[in-house]
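Work through the exercises below with the model open. Try each task before you read its solution.

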Amino acid sequence: MTAPWEEAEDQSIIQTLKKTKRKSLIRSILISVTVSVLILTAVFIGAAQLVNRMSSNALFSEEQYMRISSPNEYGAGYKDSRGFLSGVLEMQTYKIIGDVPIPWKNRWLNYNARWFPFTTGAYGGSNNLTVEDAKMKQEGYEYYRGYNSYNGQREMAFYVPGVDYNGKILNDLSELNQMNGDKRVELAISFDKDYSFEEVKGLLPAGAKPVWYWVDTYDDRGGFSFKPFPSGNDPAKMNYPNPMSANYGVYGFGVQPDWDQADPEDFIGAVTIGKDKKDKYHSEYERIYNYLKKDKAAPEASDVRILGVVVTGTADSLKSLKGQTYVRGAVLGAVADKY
């Protein structure tokens with residue numbers, strides 16, 4: 001038989017073991033929770049820093065590209081919606097027509113870690129509208145005018161020198177006569193041939209203020225669909241090229257809201273930075289860079305050939321462009337009242 005005092009001692013040992021085991025379990029749980037919290041905190045801090053860096057890179061990339069690909073268009077701020085390892089930038093832009101700012105469009109840009117398969121998931125639709133023009137239809141144009149879907153303003157278009165448009169080239173200079181002379185007007189001027197930057201400055205009359213210079217970046221004229229081609233429905237009929245939209249396929253350089261000077265070196269610098277940065281536009285930057293430099297080590301200012309300009313001014317002042325032999329096409333963009 002076990003003595004009473006021995007039973008009491010056994011119970012004490014059992015209770016002690018249970019307390020020790022409980023304390024050990026609680027300690028293990030607390031350690032696990034603490035470690036988990038520290039790991040999750042580190043993960044979220046790291047993810048936040050990574051998203052911040054991706055956001056900054058995406059914003060820089062988009063602003064840099066917009067500088068060469070968006071005629072007379074400037075950033076007006078942005079919203080950054082961030083998720084886990086991804087986010088979306090919503091960028092607002094505007095134009096300056098004479099001295100009048102006009103809200104222009106919103107751009108959406110998704111960004112995420114390359115190895116992360118999910119995105120925050122905000123997307124923007126098309127910014128373009130096309131409206132049939134009765135006069136253009138009557139004259140046999142195969143394309144329509146483009147309009148901005150946010151504000152209903154006209155979108156500019158450009159005609160590449162030497163490309164056969166079957167004679168269907170818009171010249172909106174006569175439209176200036178139908179406007180109030182004090183209207184602020186944006187106009188895309190396409191030249192009859194390429195010119196140097198210095199030559200362009202000597203061509204333009206005083207009333208037409210150049211705000212953006214369209215640069216020849218077309219290394220493969222055939223690849224850009226610049227030649228007529230047979231119609232699929234009627235092989236005997238030829239389809240002719242459409243003008244280049246201000247929203248796609250035109251590159252250049254211009255003034256900034258806080259800097260009223262433009263220089264070909266600005267364009268070369270922007271293309272060089274884009275080529276070296278290797279972002280999503282890298283192949284396009286590299287193509288332009290190689291086309292400009294030809295067989296030299298790097299492009300020079302003299303390699304930048306100007307195919308056209310965007311000018312702004314009053315309707316009356318832009319009438320000075322009428323009759324200029326170097327004007328092959330002139331397409332209205334945004335028009336605004338002074339007040």
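Buried means under 20% relative accessible area, exposed over 50%, and partly exposed in between, with a 1.4 Å probe and protein chains only. Helices (H or I, at least four residues) and strands (E, at least two) are DSSP runs numbered from the N terminus. This is a predicted model, where local features need pLDDT of at least 70, side-chain atom pairs count only at pLDDT 80 or more, and totals for chains, interfaces and linings use all residues. Residues are numbered from 1 along each chain as its sequence is written, and side-chain values use heavy atoms, with hydrogens and water left out.

**Exercise 1. Take stock of the chain.**
Task: State how many helices and strands the chain has, and what share of its residues is buried.

Solution. Start with the secondary structure: six helices and 14 strands. Next, take burial: of 339 residues, 42% are buried. Then turn to contacts (heavy atoms within 4.5 Å). Take those between residues at least 6 apart in sequence; 71% of them join residues at least 24 apart.

**Exercise 2. Place strand β14.**
Task: Decide whether strand β14 is largely enclosed or not, and find a strand that pairs with it.

Solution. Locate β14 at residues 327–336. Eight of its ten residues are buried, so the rest of the structure largely encloses this strand. Now look for a partner; two strands pair if DSSP finds at least two bridges between them. Strand β7 (residues 184–195) pairs with β14 over seven bridges, in the antiparallel sense. To see the match, find Val185, which stands opposite Val335 in β14.

**Exercise 3. Survey the empty space.**
Task: Find the volume of the largest cavity and of the largest pocket.

Solution. Fix the terms first. On a 1 Å grid over the protein atoms alone, a cavity is a set of points where a 1.4 Å probe fits but cannot get out, while a pocket is an open set with protein on both sides within 12 Å along at least five of seven lines; lining residues have an atom within 4 Å of a point. Grid points are joined across faces, edges and corners, and a volume is the space filled by probe spheres set on the points.

Begin with cavities: the whole structure has two of 30 Å³ or more. The largest holds about 60 Å³. Its lining includes Tyr143, Asn166 and Tyr240. The second largest has about 40 Å³, and Trp104 and Glu155 are among its lining residues.

Move on to the largest pocket, with about 600 Å³ of space. It has 31 lining residues, and Asn242, Pro243, Met244, Ser245 and Tyr248 are the closest to its centre. Strand β14 is one of the elements that give two or more residues to this lining.

**Exercise 4. Compare three residues.**
Task: Sort Val51, Asn166 and Lys278 into buried, partly exposed or exposed.

Solution. Val51 sits in helix α1 (residues 4–69). Its relative accessibility is 3%, so Val51 is buried. Beyond residues up to four places away in sequence, Val51 touches Arg82, Gly83, Leu85, Ser86 and Tyr111.

Asn166 belongs to the loop between β6 (157–158) and β7. With 38% relative accessibility, Asn166 is partly exposed. Its phi is near 60°, a positive value in a residue other than glycine.

Lys278 is in the loop between α4 (264–277) and α5. Its relative accessible area is 58%, so Lys278 is exposed. Lys278 has a positive phi of about 60°, although it is not a glycine.
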